Amino acid sequence: MRAEIQNMKQELTTISMMDEFARYARLERKINKMTDKLKTHVKARTAQLAKIKWVINIVFYILQAALMISLIWKYYSEPVTILPSKWLAPMERLVAFPTGVAGGVGITCWLVVCNKVVAIMLHPFS
């Protein structure tokens with residue numbers, strides 16, 4: 001469509017407006033009609049791409065949530081790692097949740113920290 005519009009505009013420049021007004025006006029109307037059709041097509045395509053991107057984002061977030069829930073379910077009682085109790089002193093129970101192991105880091109805390117670190121690292125790229 002764009003190439004066709006360009007060709008018609010080149011043809012329009014070769015036509016003398018004074019000598020062949022009817023032909024010039026017809027071609028100009030045709031160019032305007034084609035340009036409007038192209039704009040409508042571009043808007044529809046942009047809306048469709050935005051909708052596809054939105055659906056992909058929703059599916060991605062659902063898969064991510066399902067993965068995290070399954071990890072929490074599977075590793076509910078096992079600590080990811082065990083650190084010295086002094087390092088976690090004020091928040092030892094919160095960090096160890098749901099394992100209850102002293103000095104342990106539970107899967108929920110681990111996932112929250114990992115998500116935050118990844119979000120901070122990806123922030124400059126978005």
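This report looks at two residues, a surface patch and two annotated spans in a predicted model.

**R23 and its surroundings**

Start with R23. This residue is found in helix α2, which covers residues 21-74. Is R23 buried or exposed? Neither label fits: its relative accessibility is 36%, so R23 counts as partly exposed. The cut-offs explain this, because buried means under 20% and exposed means over 50%.

Which residues does R23 touch, leaving aside those up to four places away in sequence? They are E11 and I15. L12 is 11 residues from R23 along the sequence. In space, the C-alpha atoms of R23 and L12 are 9.1 Å apart.

**V59 and a nonpolar patch**

Now move along to V59. Helix α2 holds this residue too. V59 has 42% relative accessibility, so V59 counts as partly exposed.

V59 also belongs to a nonpolar surface patch. The other members are W54, V55, I58, I62 and L63. Together the six residues make a patch of about 600 Å².

**The annotated spans**

UniProt has an unreviewed entry here. It lists residues 54-76 and residues 96-122 under "transmembrane region". What do these two spans look like in the model? The table gives their helix and strand content, along with the distance between their end C-alpha atoms.

| Span | Helix | Strand | End C-alpha atoms apart |
|---|---|---|---|
| Residues 54-76 | 91% helix | 0% strand | 32 Å |
| Residues 96-122 | 63% helix | 7% strand | 27 Å |

Take residues 54-76 once more: this span is 91% helix and 0% strand. Over residues 96-122, the chain has 7% strand beside its 63% helix.

Notes. Residues numbered from 1 in each chain as written. Predicted model: local features only at pLDDT ≥ 70, side-chain atom pairs only at ≥ 80, totals over all residues. Heavy atoms only, no water. Helix = DSSP H or I, 4+ residues; strand = E, 2+ residues; numbered from the N terminus. Buried < 20%, exposed > 50% of the residue type's maximum accessible area, 1.4 Å probe, protein only. Contact = heavy atoms within 4.5 Å. UniProt positions renumbered as here; feature names shortened; annotations may be inferred. Patch = residues over 30% accessible without salt bridge, like charges linked within 9 Å, V, L, I, M, F, W, Y side chains within 5 Å. Areas by Shrake-Rupley, 256 points an atom, 1.4 Å probe, with all protein chains shown as cover. Salt bridge = Lys/Arg side-chain N within 4 Å of Asp/Glu carboxyl O.
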